[in-house]
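Thanks for coming. I will show one chain today and go through how its parts sit together. Please keep the structure open while I talk.

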Amino acid sequence: MMMLASVRPSLRLPLRLRPSFAAALHAQAQQPSSKYTDASHGVDPSVSSTPQDLTPSQRNALDAALRVDQAGEIAANFIYKGQLAILRRDRSTASLIQDMWDQEKKHLAVMNKLQVQHRVRPTVLWEVAKVAGFGLGAVTALMGKEAAMACTEAVETVIGEHYDDQLKEMDEFSTEHPSLPLLKDVIREFRDDELEHLDTAVEHNSQRAPAHALLSSVIGAGCKVAIELCKRV
């Protein structure tokens, strides 16, 4: 579970090395997902149409990937919502959770647009993802802030690996449509965001949570089951 965290350098920089606000805004504007958040790109084929030349198996894989990703972002939003409901009085932890939640809100907004663009049926487990996500976030937060961070660590480990698997699968797609390179870039961007959340959780003592190994294993296994279910329904 900890291989990603241990071999990947942290993306969190000392204050003196962090970019200025203007530089940060510029960096955000250069992110692949900005094509979905900036209305000026609305008529670009890469954000307004879907490939028509995929094989049936490739189309099924694309549909399943976007259905899972959308459901995962729903669950992530509600995990952080549940954690914040319990830990809002702890200002430093609440601020940390809010920062990660804000990023997940952006992810979900982009995934919602991708779902419409590629005409993908959302999972029927939409409401289940909300309830389960909020419950997981709240329960782990009730166990303490370290357990809340352990939850983030476990979830983001699985999601990071899952995004990597999707990228490998999409490398085999046979299409020249401009939406596919953009989709892959967005997935890479979101994967890196999720792995940054993993780094943050480890830095904030996720491994000091009670029964850390067991908690991580249970949450990780639950995430993998959820992924398989959302692919299908």
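Start with α5 and α9: where they pass each other, the crossing is left-handed. This is a predicted model, so please hear every value as computed. The two helices pack at an angle of about 30°, and their axes are 13 Å apart. An angle under 35 degrees counts as roughly parallel, and α5 is therefore roughly parallel to α9.

Which residues make that contact? From α5 they are L62, L66, D69, E73 and Y80. From α9 they are L183, I187, F190, E194 and H197. Sorted by class, the contact of α5 with α9 holds six nonpolar residues, one polar and three charged.

Now put α6 beside α5. Here the packing angle is about 155°, with the axes 9 Å apart. Angles over 145 degrees are taken as roughly antiparallel, so α5 and α6 fall in that class. The crossing of α5 and α6 is left-handed. In the contact of α5 with α6 there are 13 nonpolar residues, eight polar and five charged.

Let me step back to the chain. Ten helices and zero strands are found in it, so the pattern read along the sequence is simply α, ten times over. The chain has 233 residues, and 46% of them are buried. Take the contacts between residues at least 6 apart in sequence: 84% of these join residues at least 24 apart.

One pair gives an example of distance in sequence against distance in space. A64 is in helix α5. From A64 to E228 is 164 residues along the sequence, but 9.3 Å in space, C-alpha to C-alpha. Is A64 buried or exposed? Its relative accessibility is 14%, and the limit for buried is under 20%, so A64 counts as buried.

Next, the nonpolar cores. The largest has 37 residues, and within it L114 and M170 touch the most other members. The elements that give two or more residues to this core are α5 (56–87), α6 (91–117), α8 (145–170), α9 (179–203) and α10 (212–232). The largest share, ten residues, comes from α8. Apart from this core lies another, of twelve residues, including Y80, A141, M149 and A201.

What does M170 touch, once residues up to four places away in sequence are set aside? The list is L62, A65, L180, L183, K184 and I187. L62, L183 and I187 also came up a moment ago, in the contact between α5 and α9.

Two buried residues with polar side chains are worth a look. S46 lies in helix α4, residues 45–48. S46 has a relative accessible area of 3%, so it is buried. Not counting residues up to four places away in sequence, S46 touches K35, Y36, Q117, P178, S179 and L182.

The other is T140, in helix α7. At 2% relative accessibility, T140 counts as buried. Leaving aside neighbours within four places in sequence, T140 is in contact with Q83, A147, A148, C151 and I219.

Last, two backbone angles. Most residues other than glycine have a negative phi. R119 has a positive phi, near 55°. Where is R119? R119 lies in the loop between α6 and α7 (126–142). Exposed means over 50% relative accessible area, and R119, at 58%, is therefore exposed.

N205 has a positive phi as well, near 70°. The place of N205 is in the loop between α9 and α10. N205 has 29% relative accessibility, which means that N205 counts as partly exposed.

To sum up the packing: α5 runs roughly parallel to α9 and roughly antiparallel to α6. α5, α6 and α9 are among the elements that give two or more residues to the largest nonpolar core. Questions, please.

Notes:
Residues numbered from 1 in each chain as written. Predicted model: local features only at pLDDT ≥ 70, side-chain atom pairs only at ≥ 80, totals over all residues. Heavy atoms only, no water. Core = buried A, V, L, I, M, F, W, Y, C linked by side-chain atoms within 4.5 Å. Buried < 20%, exposed > 50% of the residue type's maximum accessible area, 1.4 Å probe, protein only. Helix = DSSP H or I, 4+ residues; strand = E, 2+ residues; numbered from the N terminus. Contact = heavy atoms within 4.5 Å. Axes fitted to C-alpha atoms, helices over the stretch in contact; angles between N-to-C directions. Parallel < 35°, antiparallel > 145°, perpendicular 65-115°, else oblique. Left-handed = near helix turned anticlockwise from the far one by under 90°. Nonpolar A, V, L, I, M, F, W, Y, C, P; charged D, E, K, R; others polar.
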